[in-house]
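Q: Could you take me on a close look at one part of this protein, the place where two of its helices pack together? I would also like to see how that part sits among the salt bridges, cysteines and loops around the rest of the chain.

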Amino acid sequence: MQSIKRILVVLDPSREDNVALVRSRLLAGYLGAELHLLVCENRRDYSDMLDELCESLDTAGIKARYTQTWQSNLTDTIIRTLLAEGCGLVIKQHTPDNPLKKALLTPEDWKLLRYCPAPVLLAKGSALWMHGKVLAAVDLGGHDDQHQGLRDAIVRHAADIARMTSGELHLLSAHPAPMLSAANPIYQLRETILEIYMEKARRYVTEYDIPESRTHIDEGPADVLIPRVAAQIGACVTVIGTVARTGISGALIGNTAEVVLDQLSGDVLVLKPDDMIDHLQDLVEK
């Protein structure tokens with residue numbers, strides 16, 4: 001996270017609780033980053049409110065500017081402002097959609113996670129980050145460079161947040177159930193599968209000094225295990241990644257991040273591989 005020097009903060013002026021602003025102040029203070037406040041609205045002028053916010057932030061030692069604009073939709077407005085202002089992170093407050101609406105329409109936050117060419121932090125609650133639990137959810141089963149780079153980024157970002165907040169770093173990975181029909185006999189026994197995943201986790205455990213009590217390697221679907229462990233430890237933020245599953249041209253987020261989003265009570269930071277970020281930037285520029 002140290003390379004992030006400008007943060008885009010998406011504000012909803014109709015809400016009294018600006019959780020996204022609270023999170024952005026904390027991160028900006030730690031990273032020495034500037035804030036760019038964004039109101040996606042063209043029906044009413046909020047410049048007075050935004051001027052006051054920027055003055056307040058400046059008094060606190062945080063440089064801030066703002067934009068009020070509207071493009072064709074919310075996601076497009078956020079992404080175009082992100083690129084125009086050179087921001088390296090988006091922070092937005094998440095509001096869950098009702099199940100019926102979600103069944104009929106793709107939620108706006110899902111679209112943002114899919115197409116935003118930068119990490120996205122969805123702030124969900126008012127719980128403080130200080131001295132909290134930070135959960136790095138990784139896929140230790142992926143063997144390619146894309147998965148490896150994404151794993152490294154997830155744990156590194158989670159460790160930065162834990163360090164910044166004097167919190168606890170936890171590491172999680174789900175592993176598949178044993179299959180007697182597996183071609184490789186290693187994957188026919190639960191004990192050998194667990195041993196493989198623990199060995200892959202060892203480099204992070206060693207590098208970031210994660211004790212065994214904070215290492216959660218278990219059998220089951222990731223979209224079930226992540227919310228369960230996050231609830232058990234009381235995670236204030238969960239860091240998760242996504243890899244395009246239908247080829248990079250698809251620019252599709254893995255289902256896990258979308259499925260767990262509304263199940264987690266804490267904030268969610270979603271990362272993408274570098275090549276996927278580059279591809280999404282190219283799509284916007286075209």
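A: Here is a walk that begins with the whole chain, stops at the helix pair, and then moves outward.

Happy to help! Please keep in mind that this is a predicted model, in which local features need pLDDT of at least 70, side-chain atom pairs count only at pLDDT 80 or more, and totals for chains, interfaces and linings use all residues. Residues are numbered from 1 along each chain as its sequence is written, and side-chain values use heavy atoms, with hydrogens and water left out.

First, the setting. The protein has 10 helices and 10 strands; these are DSSP runs numbered from the N terminus, with helices being H or I of at least four residues and strands E of at least two. Of its 286 residues, 49% count as buried. Here buried means under 20% relative accessible area, exposed means over 50%, and partly exposed lies in between, using a 1.4 Å probe and protein chains only. A contact means heavy atoms within 4.5 Å. Among the contacts with a separation of 6 or more, 76% are between residues 24 or more positions apart.

Now the part you asked about. The axes of α3 and helix α5 (residues 108-115) come within 9 Å and cross at roughly 35°. Those axes are lines fitted to C-alpha atoms, for helices over the stretch in contact, and the angles run from 0 to 180 degrees between N-to-C directions. The crossing of α3 and α5 is right-handed, which is to say that the near helix is turned clockwise from the far one by less than a right angle, where an anticlockwise turn would be left-handed. On the α3 side the residues that meet the partner are L74, T75, I78 and I79, and on the α5 side they are E108, K111, L112 and Y115. By class, this contact has five nonpolar, one polar and two charged residues. For that count, Ala, Val, Leu, Ile, Met, Phe, Trp, Tyr, Cys and Pro are nonpolar, Asp, Glu, Lys and Arg are charged, and the others, Gly among them, are polar.

T75 is a good residue to zoom in on. T75 lies in helix α3 and, leaving aside neighbours within four places in sequence, is in contact with E108, K111 and L112. T75 counts as buried because its relative accessibility is 6%.

Helix α3 also takes part in a salt bridge. The side chains of R65 and E85 meet in one, at 2.8 Å from N to O. This pair links distant parts of the chain, with R65 in strand β3 (residues 64-69) and E85 in helix α3 (residues 74-85), 20 residues apart. R65 counts as partly exposed because its relative accessibility is 43%. A salt bridge here is a side-chain nitrogen of Lys or Arg within 4 Å of a carboxyl oxygen of Asp or Glu, and a search of the whole structure finds 13 of them.

Two others show how such pairs can be placed. R163 bridges to D160, with their closest N and O atoms 2.8 Å apart; because R163 and D160 are three residues apart in helix α6 (residues 145-164), about one helical turn separates them. At 7% relative accessibility, D160 is buried. R228 pairs with D218 at 3.4 Å between the closest N and O atoms, joining helix α8 (residues 222-233) to strand β8 (residues 215-219) across 10 residues. R228 is partly exposed at 38%, and D218 is partly exposed at 36%.

What about the cysteines? The search finds zero disulfides, a disulfide being a pair of cysteine sulfur atoms within 2.5 Å. C87 is in no disulfide, and its nearest cysteine sulfur, that of C116, is 9.8 Å away. C87 is buried at 10% relative accessibility, and C54 is buried at 11%.

Finally, two loop residues are worth a glance. Most residues other than glycine have a negative phi. H131, in the loop between β5 (120-123) and β6 (133-137), has a positive phi near 60° and is exposed at 60% relative accessibility. S166, in the loop between α6 and β7 (168-175), has a positive phi near 55° and is partly exposed at 48%.
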